[in-house]
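Please look over the sequence and the structure before reading on. The paragraphs below then lead from the inside of a sheet to its edges and on to the surface.

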Amino acid sequence: MQTHHDEVALITGAGSGIGRATAVRFASDGYRVVIADLNESNARETAATINELSPGRATTVRADVRLEEDVERMVRSSIDTYGGLDVLVNNAGLGGAFGSVTETSVEDWDFTFEVLVRGVFLGVKHAARAMRDGGRIVNIASIAAYSGSSGPLAYTAAKHAVVGLTRAAAVELGPRGIRVNAVSPGVIRTPLMETGADTAHLDSVLPLSQLTPRWGQSEDIAGAIAFLAGKDSRFMNGESILVDGGVVAAGPGPAMFEHLGTDPKSKGLVGVNRGTTGERSMVRKRISSN
């Protein structure tokens, strides 16, 4: 295992799910960890988990990644608290707008892109200003970036944008010695994935939908993130690694998430999923049966 005793990692959305698992993994690898999340209660729980084993290893900062002043503040907090910033993981996310394209509101679409794309852009922007040669940025994309069938419309478009942003940022920042890569998770058992999902149904159909017949775990993604942040990936830049249990390789077909029972559109629902932010998700209306 690589150790990073003098390095600082800032992880957004680290209050739960993949972000929490990544923070715990990074702390165990020797990083000092800054846990950024809009949900302060969740962030404190993650920090407590880490600090119980390694006192002083983790600190928290409240951040709404849609707001530039918040992103600036979380980067500055990393520097003020631990003296620098070596790794940024742009993990903060949510399901966002769901439902038919003809019924999705502009407000729900914009909100989705503010979190999933603008938040990543702001993280890259301000981390790149603070990082020196050797800095690493890891963005969280999705299998939805590889097809039009693996997520809601706005989410899918946003995750395609994250992969494109990752590649373009790698081209710009590479000459400065800053690497930018992405991880694209598949079906991972997180609080976000389980929101509104029939987990018993998923347990029965997942073996038919991917090559690895089990749920992905947050720790599976944390391991890939740790790899991209570590020295073993030092010749990788502008890449997006699929960690999906073989979903994309298996060719899930055009109605994968309807088959899995996690597509609100197939149930006639329209609205916005605000994930674990602590803000209320909304079902705006049911699509007319006409």
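In which sense do strand S1 (residues 8-12) and S4 pair, and over how many bridges? Strand S1 and S4 pair in the parallel sense, over three bridges, where two strands are said to pair if DSSP finds at least two bridges between them. This is a predicted model, in which local features need pLDDT of at least 70 and side-chain atom pairs count only at pLDDT 80 or more, while totals for chains, interfaces and linings use all residues. Residues are numbered from 1 along each chain as its sequence is written, and side-chain values use heavy atoms, with hydrogens and water left out.

Between S1 and S4, leucine 10 has leucine 88 in S4 as its bridge partner. Strands such as these (E, at least two residues) and helices (H or I, at least four residues) are DSSP runs, numbered from the N terminus. Strand S4 itself covers residues 87-90, with Val87 and Val89 pointing one way and Leu88 and Asn90 the other way, and all of them are buried, a word that stands for under 20% relative accessible area, whereas exposed stands for over 50% and partly exposed for what lies in between (1.4 Å probe, protein chains only). S4 also pairs with strand S6 (residues 136-140), in the parallel sense and over four bridges, and here asparagine 90 has asparagine 139 in S6 as its bridge partner.

These pairings belong to an open sheet of seven strands, in the order S3-S2-S1-S4-S6-S7-S8, with parallel pairing. Its edge strands are strand S3 (58-62) and strand S8 (240-243), each of which pairs on one side only. From one strand to the next, the twist averages 20 degrees, with axes taken as lines fitted to C-alpha atoms and angles running from 0 to 180 degrees between N-to-C directions. At the S8 edge, strand S7 (residues 179-185) runs parallel to S8 and is joined to it by four bridges, and valine 183 stands opposite isoleucine 241 in S8.

Away from the strands, threonine 102 is found in the loop between strand S5 (96-98) and helix H4 (106-130). Threonine 102 counts as exposed because its relative accessible area is 70%. Valine 248, which is found in helix H9 (residues 247-250), counts as partly exposed because its relative accessible area is 32%.
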